[in-house]
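User: I've got a structure open here and I'd like to talk it through. Can you help me make sense of what I'm looking at?

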Amino acid sequence: MTALQNSLLVILLHGVGSNGADLAPLGENWKTRLPGAVFVSPNAPERSSFGTGYQWFSVAGVTEENRPARIIAARPAFDTVISDIIEENGFNGRLDRVVLVGFSQGTIMSLDAVASGRWPVAAVVGFSGRLATEQPLTPSTATKILLVHGTSDPVIPSWETEKAETELKAAGVAVETVIEPGLGHTISIGGADRAADFLEGIARN
């Protein structure tokens, strides 16, 4: 294989009210474990409804009932961001070497990208998120997923990750879940290390 064929493109997708620079250090930390990988951490396409940072979709007045429609409305702009990054980094036709890593709302969009069947990427790592895609789910069963969540998350409860695991496994996807006792709405050192282990396995395939 050439270096490009053997490398990964890891796209880091931040949460609402944040920006790409907030997640970029995660990729920097993983570079020693994944020396051939390309890391990109974009801003979401919209300014946050709350005035700071960016968002993939608005959470102002969001409910369990209206969230799926907001995700559907956000798909075209999300897909443009992902497509542009893939093209700019020479990974067209190589979705089997692309990984989406999300935190919070970034996880929601990453899981939707796979669960809707739009992005049959190699893998997804999702921190502190939920699966909010309407049924039926139509994912590629070749995609591998790691979900990490803290039991003390006050923003998105950890049972959302357990629910996502159940639904994605029912759709035929291989899912690993790490539930971290006492962790809030954040990424722990242990969670980041577990994700690096997971990504090393993806890189070797």
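User: What volume does the largest pocket have?

Analyst: Bear in mind that this is a predicted model. The lining of the largest pocket counts 9 nonpolar, 7 polar and 3 charged residues. As for the space inside, its volume is about 280 Å³.

User: Which residues are the closest to the centre of the largest pocket?

Analyst: The largest pocket has 19 lining residues. Five of them are the closest to its centre: Leu23, Leu26, Ile187, Ser188 and Ala192.

User: Which helix gives the most to that lining?

Analyst: Two helices, α1 and α5 (189–204), each supply at least two residues of the lining of the largest pocket. The one that gives the most, with 6 residues, is α1.

User: And the second largest pocket: which residues lie nearest its centre?

Analyst: The second largest pocket holds about 200 Å³ of space. By class, its lining has 8 nonpolar, 4 polar and 2 charged residues. Out of the 14 residues that line it, those nearest the centre are Val16, Val59, Ser104, Val155 and Ile156.

User: Now the sheet. Which strands are at the edges?

Analyst: The open sheet is built from 6 strands with parallel pairing, in the order β2-β1-β5-β6-β7-β8. An edge strand pairs on one side only. That description fits β2 (38–40) and β8 (174–180).

User: How much does the sheet twist from one strand to the next?

Analyst: Here the figure is an average, taken from each strand to the next. It comes to 15°.

User: Which residue in β2 does Val10 stand opposite?

Analyst: Strand β1 covers residues 9–13 and runs parallel to β2, with 3 bridges joining the two. Across from Val10, in β2, is Phe39.

User: Which strands does helix α4 touch?

Analyst: Helix α4 spans residues 159–170 and packs on the sheet. Its direction makes about 170° with that of β8. The strands it touches are β7 (144–150) and β8.

User: How many helices and strands are there in the chain?

Analyst: Going from the N terminus, the elements run β-α-β-β-β-α-β-α-β-β-α-β-α. Tallied up, that comes to 5 helices and 8 strands.

User: Why does the radius of gyration agree with a compact globule?

Analyst: The C-alpha atoms fill a box of roughly 50 × 35 × 35 Å along the principal axes. A compact globule with 205 residues would have a radius of gyration near 17 Å, so the chain's own value agrees with that: 16 Å.

Methods: Residues are numbered from 1 along each chain as its sequence is written. This is a predicted model: local features need pLDDT of at least 70, side-chain atom pairs count only at pLDDT 80 or more; totals for chains, interfaces and linings use all residues. Side-chain values use heavy atoms; hydrogens and water are left out. Two strands pair if DSSP finds at least two bridges between them. Helices (H or I, at least four residues) and strands (E, at least two) are DSSP runs, numbered from the N terminus. Axes are lines fitted to C-alpha atoms, for helices over the stretch in contact, and angles run from 0 to 180 degrees between N-to-C directions. Contact means heavy atoms within 4.5 Å. On a 1 Å grid over the protein atoms alone, a cavity is a set of points where a 1.4 Å probe fits but cannot get out, and a pocket is an open set with protein on both sides within 12 Å along at least five of seven lines; lining residues have an atom within 4 Å of a point. Grid points are joined across faces, edges and corners, and a volume is the space filled by probe spheres set on the points. Ala, Val, Leu, Ile, Met, Phe, Trp, Tyr, Cys and Pro count as nonpolar, Asp, Glu, Lys and Arg as charged, and the others, Gly among them, as polar. The radius of gyration is taken over C-alpha atoms; the globule rule is 2.2 Å times the number of residues to the power 0.38.
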